[in-house]
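Here are some short exercises to help you find your way around a new structure. Try each task yourself, then read the worked solution.

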Amino acid sequence: MHGNSVPEPGTDSRVPDSYVYVTEEGVTRHYSDGSVEALAWEDVVEVRVGGADDTDVLIVLLDREGEGCVVPRSATDATFLARLRYLPDFDLDRLSSAVETAHSGYVVVWRSPEPPSPLPDLEYD
């Protein structure tokens with residue numbers, strides 16, 4: 001398991017506002033207020049970049065329901081980037097370009113090539 005801390009703007013960099021953990025199973029971000037965001041790699045269907053301000057660029061991983069995990073660029077490392085490469089047809093160059101030109105809006109840098117799974121037809125008695 002790998003963890004990276006994300007310092008809160010204007011605070012001592014040794015006291016982060018969150019920690020990001022990247023594993024083979026997924027990504028988890030623990031916030032200082034006790035809340036947690038987590039997403040399994042197998043559930044990722046979209047990757048967005050944006051939210052740039054004077055502090056950090058955000059990489060957002062989303063599942064089919066629009067829930068996900070926000071990963072600040074400052075918390076990314078080779079492990080995170082290597083794992084993104086396992087997403088089908090993921091383009092690291094596109095991610096890098098989006099990070100370099102990030103602004104307050106969000107840009108989709110990857111979507112799952114698989115169509116969403118249809119809901120099963122349920123028969124009621």
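In which strand is the place of Arg29? Arg29 sits in strand 3. Before going on, note that this is a predicted model, in which local features need pLDDT of at least 70 and side-chain atom pairs count only at pLDDT 80 or more, while totals for chains, interfaces and linings use all residues. Residues are numbered from 1 along each chain as its sequence is written, and side-chain values use heavy atoms, with hydrogens and water left out.

**Exercise 1: the overall layout**

Work out how many helices and strands the protein has, and how they follow each other.

Step one: count the elements. There are two helices and eight strands. Helices (H or I, at least four residues) and strands (E, at least two) are DSSP runs, numbered from the N terminus.

Step two: read along the sequence. The pattern is β-β-β-β-β-β-β-α-α-β.

Step three: check the burial. Of the 125 residues in the protein, 35% are buried. Buried means under 20% relative accessible area, exposed means over 50%, and partly exposed is in between (1.4 Å probe, protein chains only).

Step four: look at the contacts, meaning heavy atoms within 4.5 Å. Take the contacts between residues at least 6 apart in sequence: 41% of them join residues at least 24 apart.

**Exercise 2: around Arg29**

Find out whether Arg29 is buried or exposed, and which polar contacts its side chain makes.

Step one: Arg29 is buried, as its relative accessible area is 7%.

Step two: list its polar partners. A polar contact is a pair of N or O atoms within 3.5 Å; within protein, one must be able to donate a hydrogen and the other to accept it, and residues adjacent in sequence count only if both atoms are side-chain atoms. The side chains of Arg29 and Ser18 are joined by such a contact of 2.9 Å. Another one, of 3.1 Å, links the side chains of Arg29 and Tyr31. The backbone oxygen of Val70 also lies 3.1 Å from a polar atom of the Arg29 side chain.

Step three: follow the chain to Ser18. Ser18 lies in strand 2 (residues 16-22), and Ser18 is buried too, with a relative accessible area of 1%.

Step four: widen the view. Leaving out residues up to four places away in sequence, Arg29 touches several others, including Asp17, Glu37, Cys69 and Pro72.

**Exercise 3: the residue next door**

Now do a similar job for His30, which is in strand 3 (residues 26-31).

Step one: His30 is partly exposed, at a relative accessible area of 33%.

Step two: among the residues that His30 touches, not counting those up to four places away in sequence, are Ser18, Tyr19 and Val36.

Step three: Asp17 is on that contact list as well. Asp17 and His30 are 13 residues apart in sequence and 8.5 Å apart in space, C-alpha to C-alpha.

**Exercise 4: the two sides of helix 2**

Which residues of helix 2 are buried, and why do they line one face?

Step one: helix 2 covers residues 92-100, and its Leu95, Ala98 and Val99 are buried.

Step two: look down the axis. The buried residues fall within an arc of 100 degrees, so they line one face of the helix. That arc is the one spanned by the directions from the helix axis to the C-beta atoms. As a reminder, an α-helix has 3.6 residues a turn, so residues three or four places apart point the same way.

Step three: see what this face meets. The buried residues pack against strand 5 (46-50), strand 6 (58-62), helix 1 (78-84) and strand 8 (106-111).

Step four: turn to the other side, where Asp93 and Glu100 are exposed.

Step five: go to the start of helix 2. There, a side-chain oxygen of Asp91 comes to within 2.9 Å of the backbone nitrogen of Asp93.

**Exercise 5: a loop and a far-off pair**

Where is Asp89, and what about its phi?

Step one: Asp89 is in the loop between helix 1 and helix 2. Asp89 is exposed, with a relative accessible area of 70%.

Step two: Asp89 has a positive phi of about 60 degrees, although it is not a glycine.

Step three: finish with Ser112, found in the segment after strand 8. Ser112 counts as buried at 18% relative accessibility. Ser112 and Val45 are 67 residues apart in sequence, yet 4.7 Å apart in space, C-alpha to C-alpha.
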